[in-house]
Amino acid sequence: MLQTSRSKTTCRDRSLAYLVYPGAVHSRFEHSLGVYWLAGAAIRTIKAFQGSELDIDRADIQTVKLAGLLHDIGHGPFSHMFEREFLPRVLSGSNW
């Protein structure tokens, strides 16, 4: 999964956070790994408390973790700046 060309690009992408927090090391890849871990922790907790009611199985856990890992895969570089600065100029009345 992590050997795809888009995943490798994600590893190189950096946010502008370092301009505000010079010591910040936060690439999209690091962010995605953190979300992967948090998604796994969340689904394990849900399974522990409601797993039998919701019929959560191993495939469900894997799916949630992969969704966490891949949640940013479609974002282009500086995509949030693009949403805030470019789209409102192109789409009048849009508010992102």
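## Leu91 and the nonpolar patch

Leu91 sits in the segment that follows helix H5 (79-90) of this predicted model. With a relative accessibility of 40%, Leu91 counts as partly exposed, because that class lies between the limit for buried, under 20%, and the limit for exposed, over 50%.

Leu91 also belongs to a nonpolar patch on the surface. The other members of the patch are Phe82, Phe86 and Val90. Together the four residues have about 370 Å² of accessible area.

## The loop at Asp55

Helix H3 (28-54) and helix H4 (58-70) are joined by a loop that contains Asp55. The phi angle of Asp55 is near 55°, a positive value in a residue that is not glycine. The relative accessible area of Asp55 is 61%, so Asp55 is exposed.

## Helix H4

Helix H4 is made of 13 residues. From its first C-alpha to its last, H4 reaches 18 Å, which is close to the 18 Å expected at 1.5 Å a residue.

Which residues of H4 are buried? They are Ile61, Gly68 and Leu69. Viewed down the axis of H4, these buried residues fall within an arc of 100°, and therefore they line one face of the helix. In general, an α-helix has 3.6 residues a turn, so residues three or four places apart point the same way. The cover over the buried residues of H4 includes H3, the helix on the other side of the loop that holds Asp55.

Note on methods:
Residues numbered from 1 in each chain as written. Predicted model: local features only at pLDDT ≥ 70, side-chain atom pairs only at ≥ 80, totals over all residues. Heavy atoms only, no water. Patch = residues over 30% accessible without salt bridge, like charges linked within 9 Å, V, L, I, M, F, W, Y side chains within 5 Å. Areas by Shrake-Rupley, 256 points an atom, 1.4 Å probe, with all protein chains shown as cover. Salt bridge = Lys/Arg side-chain N within 4 Å of Asp/Glu carboxyl O. Helix = DSSP H or I, 4+ residues; strand = E, 2+ residues; numbered from the N terminus. Buried < 20%, exposed > 50% of the residue type's maximum accessible area, 1.4 Å probe, protein only. Expected span 1.5 Å × (residues − 1). Arc of directions from axis to C-beta. Contact = heavy atoms within 4.5 Å.
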